[in-house]
Amino acid sequence: MKPAIATAGTATGTASGDLGQVLAQRERRFAAALLAPAFLALLATTTFPLIFLVWTSAFRMDLAMPFADGFVGVENYRALLSDDRFWSSLLVSLVYTGATVALQVALGLALALLVMDMKRGQDWFRVVAILPVVLSPAVVGMIWRTFMLAPEFGIVDYLAINAGIGSKNWLGDPLLAMISVIVIHTWQWTPFAFMVLLASLASLPEDIYEAARLDRATTWQRFRRITLPLLRPAIVMVVIMRTMVALTAFAAIFTVTGGGPGTATEILNLYAYRKSFTELSIGYGSALAVALLIVTLLISGVLFALRRAK
Amino acid sequence: MTAKRLRLIATMIITLVFLLAWVFPIVWSVLNSLKTDQDVLAYPPKLIFQPTLEAYRDVLFGSGSILPSLISSFVISIGTTIITMLMAVPAAYALARLRFRGKKFAGFYVLATQMLPPVGIIIPYFLILRNIGWIDTYQGIILIYLSFSLPFAIWLLVSYFEDIPFEMEEAAYLDGASRMRTLWRIIIPQVRGGISVTIVFVFLNAWNEFLFAVVLSGNTVRPVTVAMFNFVSVEQTLWAKLAAVSVLAMLPVVFLGVIAQKNIVKGLTVGAVKGGGRR
């Protein structure tokens, strides 16, 4: 495998330049060969569908009424802007995302701080925290819908009855259903925030705290002035990751409430799904999916700006 | 001293509540899966009962067995994992170690593909697969699973490749080893740990996926996350069987999660810094 190097080496004058070029070119070719399969697959499974999605969003396409199909331009988007169900699903998405992310970070951080101070038993938390995170959101939704929340059967209902609150229709009442799906998402993903923040806490330099202790800083001051600023990058990262996931959450809400009662827990993601695959209006569903993409990009733009800002 | 003691007790109570809250729904499902139908419905809920494997026997070997769905889930997850790794390992190596034009853009592209909402992928994908008759097939589901498993695997692996010292490759080149040989013999063994972590994550994500599965599955290919809906209907819910199916669906991922526990925490944090990890 040395001939190229040998010939380049015998040349005079610009020998090292030629050698460098030959090597650089080989490196480029090698890189291209290694990247090609993955990038072709990504083009085929992400970029091409995206282009096709934007294209279908300009059509009326009803699988139930194919005879009425045809190009409609921006008509789907115009309809979307005056669609109350779109705006309500967008609002549900924002409330769901805001509430679940805030709860995950607050609870995850609080728990990480508590566990960090524990002398023993930290490993227990590390193992237990894995459990919800590795489960399928569909299975989690199913368990909550039945064994936890079913009226007069689920444990939560049992506790509510014994606490004097009485049996509630946890998934049948609009407000309770919204709270339920938020709690379920928070239950499953707080361990993620907890694990990431605990790992970041463990990597903070010990000597700063030593100095703070010598200065007789209070616990609150230490948290506010040292821990929080140092953890900020990790917290922002968790917020970004969890926001992206919450915006496109599907399985847990689908299994627990199916978006109901009515459209009380129908996030935009679920609305696009229902429109496309339940009501079979693929064209309008595509427009909704594009709207979701735009919302996702806007929110991530804001979050990444926050990340850069000091 | 007493204030310190009080704080310790408060800490213990709060953390114990969290531990219980996380473990309980899972343990409760396991307990219910070991009950008879009467015991499941008992009120107040029974903590002490005569355990039985009846529900498992019924869902595995009774009529409407869940076994084909479990096999579907395994075929899909293992297939996705193998194909993803075959593509992601070389790509991640190139992104982490080689110099070429457009490298920044290539890395950004991989990240950007993760921004696409899955529902925006499945709508056009459904139309395409319907046209070529790939609905309800393994190749259809596995192909679309690459859309989320590949970007994730590539970014996770890049972080592991970046940890290897450059001297190792240089020494190999000086010995006259080819690039391919160096990658295969010198580099890959160095990132064995990272590769196993990535395999675990890719398998987990494929096993747990639901949106694509619910749209693309049918009578031939129906992963267990979709098939468990057979046990809940408006008329009646088969509680013990549903619990047994849930436990069977949880078993492989919990097993993987617990044995790879230390690495998973590392994988999550590395993924967090790099922007990987989803669902």
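**Chain B, contacts and make-up**

I looked up contact range in chain B of this predicted model: of the contacts between residues at least 6 apart in sequence, 78% join residues at least 24 apart. I then read off the secondary structure of chain B, which comes to 14 helices and 0 strands. Along the sequence I wrote the pattern down as α-α-α-α-α-α-α-α-α-α-α-α-α-α. For the extent of chain B, I noted a C-alpha trace spanning about 75 × 70 × 35 Å along its principal axes. I also took the burial figure: 46% of the 279 residues of chain B count as buried.

**Contact between the chains**

I looked up how chain B meets chain A and found 77 residues of chain B in contact with 75 residues of chain A. On the chain B side, helix α1 (residues 2-33) gives the largest share, 13 residues. I sorted that side of chain B by class and got 56 nonpolar, 17 polar and 4 charged residues.

**Domains of chain A**

I checked the domain assignment of chain A, which gives domain 1 (3-45) and domain 2 (84-308). The centres of these two domains of chain A, taken over C-alpha atoms, are separated by 47 Å.

**Largest nonpolar core**

I looked up the largest nonpolar core and counted 157 residues in it. Those with the most contacts inside the core are Ala38(A) and Leu288(A) from chain A, and Ala88(B), Ala91(B), Ala92(B), Ile154(B) and Val245(B) from chain B. Helix α7 (residues 138-161) of chain B gives the most to this core, 16 residues. From chain A, domain 1 (3-45) and domain 2 (84-308) each supply at least three residues to the core.

I followed Ala38(A) further. Setting aside neighbours within four places in sequence, I found Ala38(A) in contact with Met87(B), Ala88(B), Ala91(B), Leu150(B) and Ile154(B).

**Two helices, covered and open**

Which residues of helix α6 (residues 137-148) of chain A are buried? I found the helix mostly covered, with 12 of its 12 residues buried. The buried residues of α6(A) include Trp144(A), Arg145(A), Thr146(A) and Phe147(A).

I then looked up helix α8 (residues 166-174) of chain B. Of its 9 residues the number buried is 0, so α8(B) lies largely in the open. After α8(B) comes Gly176(B), for which I noted a positive phi near 90°.

**Packing of α10(A) and α13(A)**

I looked up helix α10 (residues 219-247) and helix α13 (residues 282-308) of chain A; their axes come within 10 Å and cross at roughly 175°. The cut-off for roughly antiparallel is over 145 degrees, so I entered α10(A) as roughly antiparallel to α13(A). From α10(A), the contact is made by Val236(A), Val239(A), Ile240(A), Thr243(A), Met244(A) and Leu247(A). From α13(A), I listed Thr296(A), Ile299(A), Ser300(A), Leu303(A), Leu306(A) and Arg307(A). By class, I put this contact at 8 nonpolar, 3 polar and 1 charged residues.

**Gly79(B)**

I located Gly79(B) in helix α4 (residues 67-97) of chain B. Buried or exposed? Gly79(B) has 17 C-beta neighbours inside 10 Å and therefore counts as partly exposed, since a buried residue needs 20 or more and an exposed one has 12 or fewer. Not counting residues up to four places away in sequence, Gly79(B) touches Tyr138(B) and Ile142(B). I also took the C-alpha to C-alpha distance from Gly79(B) to Tyr145(B): 9.9 Å, with their positions 66 residues apart in sequence.

**Backbone checks**

Most residues other than glycine have a negative phi, and most peptide bonds are trans. I went through the exceptions below with that in mind.

- Arg216(A) has a positive phi of about 60° and lies in the loop between α9 (206-214) and α10 of chain A. With 7 C-beta neighbours inside 10 Å, I entered Arg216(A) as exposed.
- Asp136(B) has a positive phi of about 65°; I placed Asp136(B) in the loop between α6 (118-131) and α7 of chain B. Asp136(B) counts as partly exposed, with 15 C-beta neighbours inside 10 Å.
- The peptide bond from Gly260(A) to Pro261(A) is cis, and I noted an omega near 0°. Pro261(A) sits in the loop between α11 (251-256) and α12 (268-278) of chain A.

Definitions and conventions:
Residues are numbered from 1 along each chain as its sequence is written. Chains are lettered from A and ligands numbered from 1 in the order in which they are written. This is a predicted model: local features need pLDDT of at least 70, side-chain atom pairs count only at pLDDT 80 or more; totals for chains, interfaces and linings use all residues. Domain bounds come from an automatic or database domain assignment. A nonpolar core is a set of buried Ala, Val, Leu, Ile, Met, Phe, Trp, Tyr and Cys residues joined through C-beta atoms within 7 Å. Helices (H or I, at least four residues) and strands (E, at least two) are DSSP runs, numbered from the N terminus. Two residues are in contact if their C-beta atoms, placed from the backbone, lie within 7 Å. Ala, Val, Leu, Ile, Met, Phe, Trp, Tyr, Cys and Pro count as nonpolar, Asp, Glu, Lys and Arg as charged, and the others, Gly among them, as polar. Axes are lines fitted to C-alpha atoms, for helices over the stretch in contact, and angles run from 0 to 180 degrees between N-to-C directions. Angles under 35 degrees count as roughly parallel, over 145 as roughly antiparallel, 65 to 115 as roughly perpendicular and the rest as oblique.
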